[in-house]
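Visitor: I should be grateful for a close look at the disulfides of this model. Please take them one by one and describe the surroundings of each cysteine.

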Amino acid sequence: MSRRRMLSRFLATFTTTVSVLTVAAVAPASAAPAPKPATTGRSAKAPAGNAAWYATEADAMVAARRSGKRIEVDALTTETRQTFANPRGTFTLEQRVRPVRIKRNNRWVPVDPTLRFDADGRVTPRATKVGLSFSSGGDSALARVVRDGKELEFSWDGPLPRPTLDGDTATYPNVLSNVDLVVKADVEGFSEVLVVRTPEAAANPALATADFALRAKGLNVTTDAAGNIKALDADGRMVFTAPTPRMWDSGGTAEPGLSAGARAFQSNQGARQAAMKPTIRNGTLSITPDQAMLRASSTRYPVYLDPSLVSGSRLAWTSVWKSFPNSKYWNSSDIARVGYSQTDNVTNRSFFRMDTSRVKGKNIIRATFQAYETHSWSCNARSVELWRTGAISSATTWNSQPSWIAKLDTVNVARGYSSSCPDGGVDFDATAGVRTSAAAKAGDLTLGLRATSETDTWAWKKFRNNPTLSIEYNSTPSVPNALSTSPGTPCTGGKLGNTDVYLRATPSDADGGNVVGEFSLWPTGGTTTVRNVTVSSGVQASALLLKSSLADGVTYNWKVRTKDSDGAASGYSATCSFTVDKTLPTADVDITSTQYPAQDPAGTIVSTVPAGIPGQFTLNAKGNTDVIGFYVGLDTDTPSRYVAANMPGGTATVTMTPTRNGPGFVAVKTWDGVNPSASVDTDHAFFATAPVGPQAGRNDLNTDGHGDLIGRTASGDLCLYLGDGTGGFIDGNSCSVKIDSNRSGWLHVVRPGDWDGDGWTDLVAVEADGDLVYFTGNGAGGFLLDANDVIIDWDANDNPIRTTGWNQYNLVVAPGDWDGDGYPDLIARKSTGEIVLHRGNGFGGWADDAAPVRLGWGIWQSFDTIVAPGDVDGDGKADLFARKPNGELTLFRGNGKAGFRSPGGVKYGVWQTGVNVRGASTTCDASPSVANCPTVIDTLNPGDLVLPICQKRGESVGANPYWVYGTTPRGKAGWLNGYHLDYAENQLPDVPNCARPAQTTYTVWTDGVIVTATNTTCEGAPSTTNCTTVIDTLFTGSMFTPICQRTGQTISGNPYWVYGISSNGQTGWMPAWWMDYPDNRLPNLALCANYNGSLVGNGWNTYSAGLFAAGDLNDDGRNDLMGVKSTGDLHVYYGTGNGANLFTNGNGGTKIGTGWNTFNKVF
């Protein structure tokens, strides 16, 4: 390459905020959702040497109330979020868009982009989110950015001078005569600008088209027709984006107070501006400045050439420019702008996506959007508005904005023009928007800023790009749960003998502290009396009714509600009742347990093990020789598990496992050999502490480090089997505990792992109407009963858009993290056999705006079962098993990038996605031909101009540039693309109507040349001279030139293959763009064989009652496979963790249980 000049800041663009899929506020495992009594003012989990570290909101609240100061909940702190307990009993969450701190040596440190020379001979910032370094001079790469194994490097042609450092800025003087190169570090990347100081410098031929070498590791960098740049990883996910590069001169009025370094990155008001055209070809990034602007006598120097590169992020912001309507400014390091600038002739709006996952379902007291205004047109105040908007994405532009749903606040303000109105904070009331988000249990909220008048230049404003959303909240007290009448009587009513009666319930408030259980009691037809019992939140409250106060034969009714210290009250519980019959015998036993001792009235005695861990309970008949055994259970009015006493009137010990933290009770009926007692003894109440975590993978439900299973019966009962870590279950063939019932209506149910980011494994289910919901796990083997909608977005009426229509799928599996972004995903199959990936975002919703990714088709409808065991071949990436009705078991190896390993096609023929490279195919690799590959979809002969190369008769697969004569959706006839009718992927039909394709030359136009009625000349007499938007021509023998690639620019996918190396190291024929011909984010290699997976066994149809994944059942660190025969026998196959021999006991597995055919679903 003759020149590798870098039109600076374009690089910057390529790294400006290099944060892809960054944090979405994930609560650590120690922040368990259920409350527990706070016995100290701080968490026992505090790091050594730090005496003021708080793990839970409840702990921090105790400290705040004692000290009278607000206390940070340390365990909830992230790069972008802090949570504080306030002395008055509320909490404040402060959420930023971009990181303000990073973790080093397990401690938080503030971000600091200040540059310095390091010991390795590079220039590096002190503390940033990404690995970032600049050249210290000489021949080393100008800029290098590394994150999550993805790397971008930009090189300048020739040695660089030693830079001058000034804070976050490095200046390389005279990289060309009178041309300086300035780079600026950012917390998530960098910016760069080329400063052309004189007209003579602008005339340098090196600035006619500036080329520079671009090296990308794990990324493919492309541009689109509008000049936007995107860098995609191997599965097609956006890692970096960049808007159309801009250039500006020094005309107009400079913003007051800006430093020289800052002036290099912001244009003056009224400066001349122009767009620059970027192109990418063969590893070279080329940028073409507007030469007319450089040569114009009115241009004032210096001139700044500023291509800015940015990255994708979960928390995000973007601005839109009316003057650049198709340019994308996703997560830019630029400032946020609103309003209309007359001198610049630009109109801007800005959007911010804020994480609200921590306040789902909370009572929002107030919420403030705190922006910082750096500049206004004058000191004359003008209005700016805050709106709740639809979702934003990396595709957001002025022409593709989200809906403006509801205006939240208007502020009339002017800051940053001069010392008379200096820059400063501007607070907007965002309470209504946050309340809507919290009520819908949404994981995020998008807010938009816009000027009230977009024609009044006095309303033009600039803001910093990292605002704060400050939310004060508390939890409305919960309706009390665990209602019981002791001696045990169902809430619906029953008879009690001549005994004292306890009314019991558990009042709670997620904010902790003391709460009141307000019991209302009345005899039928009589007067209500109220009894208040004060306890710590989550501790059982008991109201004693002396037997002397109860009348024989009278029915009593009661209900209860919770009140907090601020007087807020929950709704009332259900109404329970009991009838006094003083002639009945009663159950009277003593119960002791070391692990779950009886709770004292003050609530200070708690379990010695967390919920989810088995405990021993000893039952004592107290010498009543009529009693020979006991019926026992946990948290039930109808105990059904029988255990014999060691002698009449003696004792029995039983092992049981509480599956929820917080209060619980043991229910016992005595047995005299003929009848059980009429009443139930429920006097043994205990408090189970919360699990600490983390869980040992998504199959460990009770946080004991062992894999567990759930079985669903035909009636809808969910039965939990707790693993013992040796390949079996602690209760053998018996259900450890029934954790739910009436769930027969679920079409599908899976355990994806931690779906909502709170640290515990959750359930995701498809309800009978096709709605997708999830149930939050509690880490103790159970799940919260309320279903949460999986929200996609919000409609124009401010209503959440729920995930629906999942009844179209006949199979849903949870593969764990299939795409490699660290968050659990779902894979589903349609009746047609097509399988799609739905990418989770880690806080209860979807990445990529819920758009599914097509993984495969065709062969997948031949399988009766698909199982997601996790990684079985030891490469660290999740895999799939699929079984055919004939018993064949096939392994599909995942690539950790949202696809399968090594799919492909071949030269002159295109194969269905998924050609697997299982071994060397020297015949095919050496001479690709149709004869060597059995699964060709179709071939294209030079004269075969009507049949698209990638279209089997009756089926279109992927976009392709071969055209057929047809009619557009708007009724225009012409040569049409055979797939989307949209070659440039801009939602416009693309018609190459200006020359009938000939055998020797193919000419392709973009963006709907024929679709307007006014183009009659072109329609009537197609010819090259009648069309001006030709992209490129392709000669028949030019097999290494994609048909839709202009020099330096690639648009959409193409089926022309080049011989090369794929992203996972496989050599072969591949497409030249994404390496993804069917547009499903899978690399396609042209290597002889349809990807049918690896056949790993036969005879697996013997497990006709179920084949499913068990995770690691025997604690050897490898994932196992389980099956149930028609007889109900349960077999386990222990994984080896390598791809050669998958199971240690492959010959029939190991039988570990019977009776499992009672379940219609095991997961």
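Guide: What follows is an account of the disulfides, with a short note on aromatic contacts at the end. The model is a predicted one. The count of disulfides comes to three. In general terms, such a link is a covalent bond between the sulfur atoms of two cysteines.

The account begins with cysteine 379 and cysteine 421, whose sulfur atoms are 2.0 Å apart. This pair links distant parts of the chain, with the two positions 42 residues apart in numbering. Cysteine 379 lies in the loop between strand 28 (363–376) and strand 29 (382–389), while cysteine 421 lies in the loop between strand 30 (404–413) and strand 31 (424–429). The torsion about their S-S bond is about -85°, so this disulfide is left-handed. Cysteine 379 has a relative accessible area of 35% and is partly exposed. Cysteine 421, in contrast, is buried because its relative accessibility of 7% is under 20%.

Next comes the link between cysteine 491 and cysteine 576, where the S to S distance is 2.0 Å. Here too distant parts of the chain are joined, the two residues being 85 residues apart. Cysteine 491 belongs to the loop between strand 35 (478–486) and strand 36 (495–496), whereas cysteine 576 is in strand 42 (residues 576–580). A torsion of about -90° about the S-S bond makes this disulfide left-handed. Cysteine 491 is partly exposed at 25% relative accessibility, and cysteine 576 is buried at 2%.

The remaining disulfide joins cysteine 719 to cysteine 735, with an S to S distance of 1.7 Å. Its partners are 16 residues apart and again link distant parts of the chain. Cysteine 719 is in strand 51 (residues 718–721), and cysteine 735 is in the loop between strand 51 and strand 52 (737–740). Cysteine 719 counts as buried, at 8% relative accessibility, while cysteine 735 counts as partly exposed, at 31%.

As for aromatic contacts, the model holds 35 aromatic pairs. One of them is formed by tyrosine 631 and tyrosine 642, a tilted pair with 5.1 Å from centre to centre and 55° between the planes. Tyrosine 631 is in strand 45 (residues 629–634) and tyrosine 642 in strand 46 (residues 641–644). Tyrosine 631 is partly exposed at 24% relative accessibility, and tyrosine 642 is partly exposed at 36%. Elsewhere, Phe881, Trp1100, Tyr1103, Tyr1133 and Phe1143 form one aromatic cluster. Finally, arginine 70 lies over the face of phenylalanine 84, 3.6 Å from the ring centre.

Technical notes. Residues numbered from 1 in each chain as written. Predicted model: local features only at pLDDT ≥ 70, side-chain atom pairs only at ≥ 80, totals over all residues. Heavy atoms only, no water. Disulfide = S-S within 2.5 Å. Helix = DSSP H or I, 4+ residues; strand = E, 2+ residues; numbered from the N terminus. Buried < 20%, exposed > 50% of the residue type's maximum accessible area, 1.4 Å probe, protein only. Phe/Tyr/Trp six-rings, centres within 6.5 Å; stacked < 30°, edge-to-face > 60°. Lys NZ or Arg CZ within 6 Å of the ring centre and 35° of its normal.
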